Amino acid sequence: MQQDILSTFLNQADQKAFSRRHRQTIQFNISRYDEKVAIGKQQFADLEKARQLAKNIKWQAIENLPTLLLEFERNFTARGGKVLWAEDAAQARILIKNILIEQKTDLVVKSKSMITEEIELNDFLAEQDIEVLETDLGEYIVQLRNETPYHIITPAMHLNKADVAELFHQKFATPADATPAQIMAFVRQQMRAKFAQAQVGITGANFIIADTGSILITENEGNARLTSTLPPVHIALVGIEKVLPSVQDLDVFLPLLSTYGTGQQLTVYNTLISAPQQKNEKDGAQQMYVILIDNGRSRLVADPKLRESLYCIRCGSCLNNCPVYKNIGGHTYDAPYPGPIGAVLMPHLGNFEENAHLSNASSLCGACTESCPVKINLHELILYNRHLETEKNLKPTDEQRMWKMWAWLSSKRWLMNTPRFAKRWFAKRYLMPLWGERRVFPQFEGKTFNQLWKKGLV
Ligand code: SF4
């Protein structure tokens, strides 16, 4: 099983890394991101101080997780909201199903939420004959293509304008050369009717706030605001690590998230919801549920090293800065959280054995750590996962044999004087097959170690 997953990963990585088209699209989209982020960062008088402050706040939040979650629950339920707790993905799906049965609905509008990908909600609801409409444009595009999101912030990053125009032309007979504005207008018209029709809206939340009992949703299209306020019932799905102690903490988190996520100073719509519609109010869902999902996060809290990974605010910056992600692309990871943060989280949120290979898809260059707004030591955690993989004896047998052989060879001083023809024979037989077709195999030095030493060359 593990070997099959690894083979699929390697094949997919090979295809993407050598696809000129994929490379051009990703390089273009990420270069635009880089330009915007560089401008966005200028809004901070002291960016390092802001990042450190954010890390400190998340440290405080995760160290006091049970207390803060209960504080959130107390404050939110005091105004009529309902909080449900799900230990894993299956429990979360059942809780959602029960609400949908109670509401007798067969249509759900949904805004972008990575945790719904994590619990595979769309497939589950399709099995229950419930239609789910993704209302974020990027998510809608990948839904139309029967794909999963390519990136945690930009789901359709792997497509260009022409790809999207072609998709809408095929699905809805819009002009083959439709502009982004024309496509947006078409989608908006389609969705308005569904918003009005749907009994239930499902969103995620970027933060949950303990001291006010609120959820915060940040987005650029306004669809999450409609999803959470137009249907009579709103369900927000949130990982337990999203809690912040105070509403004042948003001062630092909102600009950091928007800058590192998209290069904006502030995202266009920031919706703070603290309750279902109150008696003196005209807008908002009449019933509101927040489902707090663990799904492996407690395992991360229990490990003093990995706990730091829960500081993640899902900005996507580590993906955009990762040389491996930029080459092999988001779909290759086959995981809701790809890239460096996925390599850290997925083995613990999912099955360790099936996801352990993700930690090996890293050059450990540290670009992820440098680009993280909350200063998570991502490359060290990736290395730590590799250590766990070795401890659990999950490394492929060939690799284990190879390292044993390497350790044996390296510990033999006399082998340094092996003649070149013998080294070449050994390398050709055992190492070159692993080297890949596209790299030039290094040449061996003609002289032995002792000869070089005597000449003072080593
Ligand atoms: S680990 Fe850091 S850079 Fe990566 S998505 Fe999370 S917050 Fe952003």
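In this predicted model, strands β4 and β7 (residues 233–239) run parallel and are joined by four bridges. Within that pairing, Thr203 has Ala236 of β7 as its bridge partner. Strand β4 also pairs with strand β2 (residues 107–110), again in the parallel sense, and here the pairing extends over three bridges; the bridge partner of Val109 in β4 is Gly201.

The two pairings can be set side by side.

| Strand paired with β4 | Sense | Bridges | One bridge pair |
|---|---|---|---|
| β2 (residues 107–110) | parallel | three | Val109 and Gly201 |
| β7 (residues 233–239) | parallel | four | Thr203 and Ala236 |

Strand β4 itself spans residues 200–203 and is covered on both faces, with Val200 and Ile202 buried on one side, and Gly201 and Thr203 buried on the other. Gly201, the bridge partner of Val109, and Thr203, the bridge partner of Ala236, therefore belong to one side of β4, where both are buried under the cut-off of 20% relative accessible area.

On the scale of the chain, the domain assignment gives domain 1 as residues 1–43 + 314–395, domain 2 as 46–295 and domain 3 as 407–454. The C-alpha centres of domain 1 and domain 3 lie 32 Å apart.

The ligand sits in the largest cavity. Around the ligand there are 13 residues, of which Cys312, Cys315, Gly316, Cys318 and Cys372 come nearest. Sorted by class, the shell around the ligand consists of ten nonpolar, two polar and one charged residues.

Technical notes:
Residues numbered from 1 in each chain as written. Predicted model: local features only at pLDDT ≥ 70, side-chain atom pairs only at ≥ 80, totals over all residues. Heavy atoms only, no water. Buried < 20%, exposed > 50% of the residue type's maximum accessible area, 1.4 Å probe, protein only. Helix = DSSP H or I, 4+ residues; strand = E, 2+ residues; numbered from the N terminus. Pairing = 2+ DSSP bridges. Domains from an automatic or database assignment. Near = heavy atom within 4 Å. 1 Å grid on protein atoms, 1.4 Å probe; cavity = no way out; pocket = protein on both sides within 12 Å on 5 of 7 lines; lining within 4 Å. Sits in = over half its atoms within 2 Å of the grid points. Nonpolar A, V, L, I, M, F, W, Y, C, P; charged D, E, K, R; others polar.
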